[in-house]
Amino acid sequence: MGFFSWTGKNLLRLSGWKIVGSIPEDVKKCVIAVAPHTCIADFILGRLAYCAVGRPVKFLIKKEFFKTPILRCLLIKMGGIPVDRSRNNNVVNSVSALFKQHDSLNIIITPEGTRKLVHQWKRGFYYIAEKAEVPIVLGFLDYKKKELGFGPILYPTGNYEEDWKIMEKFYRGITAKHPERYNLS
């Protein structure tokens, strides 16, 4: 066990969190849809979990976090991919193209797209997985149970409404840090 894996496991354990589920070893490429996302602690816990399981990941994060050189350097080192949310810049095409450039790639996306309450999840994570022809791993953080990890794997069928029913059923009942900011739509 490497230093980062040991550190992630022990920090989660000391804070009372448990990792449940896993991504099968044969799944080399995937989009990991993580919800709920209602506070910055979700990011910190998630990073600890990925260190603990020893799975390298990249993640989409708003470009505003990359303004200061030190934070930009740290985020890039951790796998951060800046996203400009102020304009349509074809994130689906650019991120799905990354999968073709790598033998192994796991990209974390929060479907809510923000820590604030949203009334409809963004579908980009789904379209990225569909275009890249990779599965979606349903990731989660449940503050009530103090569990985080990986649920079922969904292979996009192209019918978002039908696939959404599977996702909604899984995420229903998971408790956010700030439940008033969490909406399954």
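1. Helices (H or I, at least four residues) and strands (E, at least two) are taken here as DSSP runs and numbered from the N terminus. On that basis, R55 is placed in the loop between α2 (40–53) and β3 (58–62). The structure under discussion is a predicted model, and the points below concern its charged side chains, the packing of one helix and its aromatic pairs.

2. R55 is buried but has no salt bridge. The nearest side chain of opposite charge belongs to E25, at 5.0 Å; a salt bridge would need a nitrogen of Lys or Arg within 4 Å of a carboxyl oxygen, so R55 and E25 do not qualify. What the side chain of R55 does have is a polar atom 3.4 Å from the backbone oxygen of I23. Leaving aside residues up to four places away in sequence, R55 touches I23, P24, V27, K28, Y50 and N106. I23 thus appears both as the residue that offers its backbone oxygen and as one of the contacts of R55.

3. E112 presents a second case of a buried charged residue without a salt bridge. E112 is located in the loop between β5 and α5. The nearest side chain of opposite charge is that of R181, 9.8 Å away. Where, then, does the side chain of E112 reach a backbone nitrogen? The partner is H37, at 2.9 Å. The surroundings of E112, not counting residues up to four places away in sequence, comprise V34, A35, P36, H37, V118, W121, K122 and Y182.

4. Side chains of opposite charge can pair when their charged atoms come close. In the whole structure, the search returns 3 salt bridges. One of them joins E161 to R123, with the closest N and O atoms 3.3 Å apart. E161 belongs to helix α6 (residues 160–171), while R123 sits in the loop between β5 (105–109) and α5 (124–132), so this pair ties together parts that are 38 residues apart in sequence. Both partners are partly exposed: E161 has a relative accessible area of 45%, and R123 has a relative accessibility of 25%.

5. A further salt bridge is formed by the side chains of K165 and E162, at 2.9 Å from N to O. Here both residues belong to helix α6 and are 3 residues apart, about one turn of the helix. E162 is partly exposed, at 40% relative accessible area. The side chains of R172 and E168 also meet in a salt bridge, with an N to O distance of 2.5 Å. R172 is partly exposed at 49%, as is E168 at 23%.

6. Helix α5 deserves attention for its buried face. Which residues of α5 are buried? They are F125, Y126, I128, A129 and A132. Their arc around the axis is only 165°, so they are on the same side of α5. The elements covering these buried residues include β2 (29–35), α4 (91–101), β5, β6 (136–142) and α6. Just after α5, E133 adopts a positive phi of about 60°.

7. The search of the whole structure also finds 11 aromatic pairs. In one of these, the ring centres of F43 and F59 are 5.3 Å apart and the planes lie at 65°, so the arrangement is edge-to-face. This pair links distant parts of the chain, since F43 is in helix α2 and F59 in strand β3, 16 residues apart. F43 is partly exposed, with a relative accessible area of 24%, whereas F59 is buried at 4%. The rings of F170 and Y171 form another edge-to-face pair, with centres 5.0 Å apart and planes at 75°. F170 is partly exposed at 23% relative accessibility, but Y171 is buried at 1%.

8. Ring pairs also join W121, Y126, Y127, F140, Y160, W164, F170 and Y171 into a cluster. Several members recur from the points above: Y126 is among the buried residues of α5, W121 is one of the residues touched by E112, and F170 and Y171 make the edge-to-face pair just described. Helix α6 likewise recurs, as the element that holds E161, that holds both K165 and E162, and that is among those covering the buried residues of α5.

Methods:
Residues numbered from 1 in each chain as written. Predicted model: local features only at pLDDT ≥ 70, side-chain atom pairs only at ≥ 80, totals over all residues. Heavy atoms only, no water. Buried < 20%, exposed > 50% of the residue type's maximum accessible area, 1.4 Å probe, protein only. Lys, Arg positive; Asp, Glu negative; His and termini not counted. Polar contact = N/O pair within 3.5 Å; in protein donor to acceptor, adjacent residues only side chain to side chain. Contact = heavy atoms within 4.5 Å. Arc of directions from axis to C-beta. Phe/Tyr/Trp six-rings, centres within 6.5 Å; stacked < 30°, edge-to-face > 60°.
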